[in-house]
Amino acid sequence: MNKSHTIAILAYNNHELTKINLQHLIKQGYRENILLFDNGSNPSYESLAIKLGIKYIRENINIYVNPAWNWIIENEQSSFLTLLNNDCFILSNNYFHEII
């Protein structure tokens, strides 16, 4: 996978579904590409991010969707950026290889 590609997952609560989605992406080989943006979830996703070995950013309160996406776009330095909500699953194993 292209290391200059970030797959940003925006999460607010819904922990079980988020965990399944992250594990799915890791199984497809994208661990190094994942950025989990925790938008004020309770409890936080910090321990899960550490356990999974993925990049993690947290806001203490929910700043809502568009400000969170804007923060990611302004601060992530990748050449390619995919924005996904925590309930959006990439079903094709070759999806990112085909589009990048």
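**Close-up views of helix α1 and Ser41**

**View 1. The buried residues of α1 pack against β1 (5-11), β2 (34-39), α2 (46-52), β4 (80-85) and α4 (95-99).** Keep in mind as you look around that this is a predicted model. The residues to find on the buried side of α1 are Thr18, Asn21, Leu22, Leu25 and Ile26. They lie on the same side of α1 because they cover an arc of only 135° around the axis. A general rule helps here: an α-helix has 3.6 residues a turn, so residues three or four places apart point the same way. Now look at the face of α1 turned away from its buried side, where you will meet the exposed residues Glu16 and Lys27.

**View 2. Helix α1 runs over residues 15-27.** With 13 residues at 1.5 Å a residue, α1 should span 18 Å, and this agrees with its end C-alpha atoms, which are 18 Å apart. After α1 comes Gly29, which has a positive phi, near 100°.

**View 3. Ile20 sits in helix α1.** Ile20 counts as partly exposed because its relative accessibility is 40%, between the cut-offs of 20% for buried and 50% for exposed. Try finding Phe89 too: 69 residues separate Ile20 and Phe89 along the chain, yet their C-alpha atoms are 9.3 Å apart.

**View 4. Ser41 belongs to the loop between β2 and α2.** Is Ser41 buried or exposed? Its relative accessibility is 1%, so Ser41 counts as buried. Setting aside neighbours within four places in sequence, Ser41 is in contact with Ala11, Tyr12, Asn13, His15 and Arg58. For Asn13, look at the backbone nitrogen: a polar atom of the Ser41 side chain lies 2.7 Å from it.

Notes
Residues are numbered from 1 along each chain as its sequence is written. This is a predicted model: local features need pLDDT of at least 70, side-chain atom pairs count only at pLDDT 80 or more; totals for chains, interfaces and linings use all residues. Side-chain values use heavy atoms; hydrogens and water are left out. Helices (H or I, at least four residues) and strands (E, at least two) are DSSP runs, numbered from the N terminus. The expected span of a helix is 1.5 Å times one less than its number of residues. Buried means under 20% relative accessible area, exposed over 50%, partly exposed in between (1.4 Å probe, protein chains only). The arc is that of the directions from the helix axis to the C-beta atoms. Contact means heavy atoms within 4.5 Å. A polar contact is a pair of N or O atoms within 3.5 Å; within protein, one must be able to donate a hydrogen and the other to accept it, and residues adjacent in sequence count only if both atoms are side-chain atoms.
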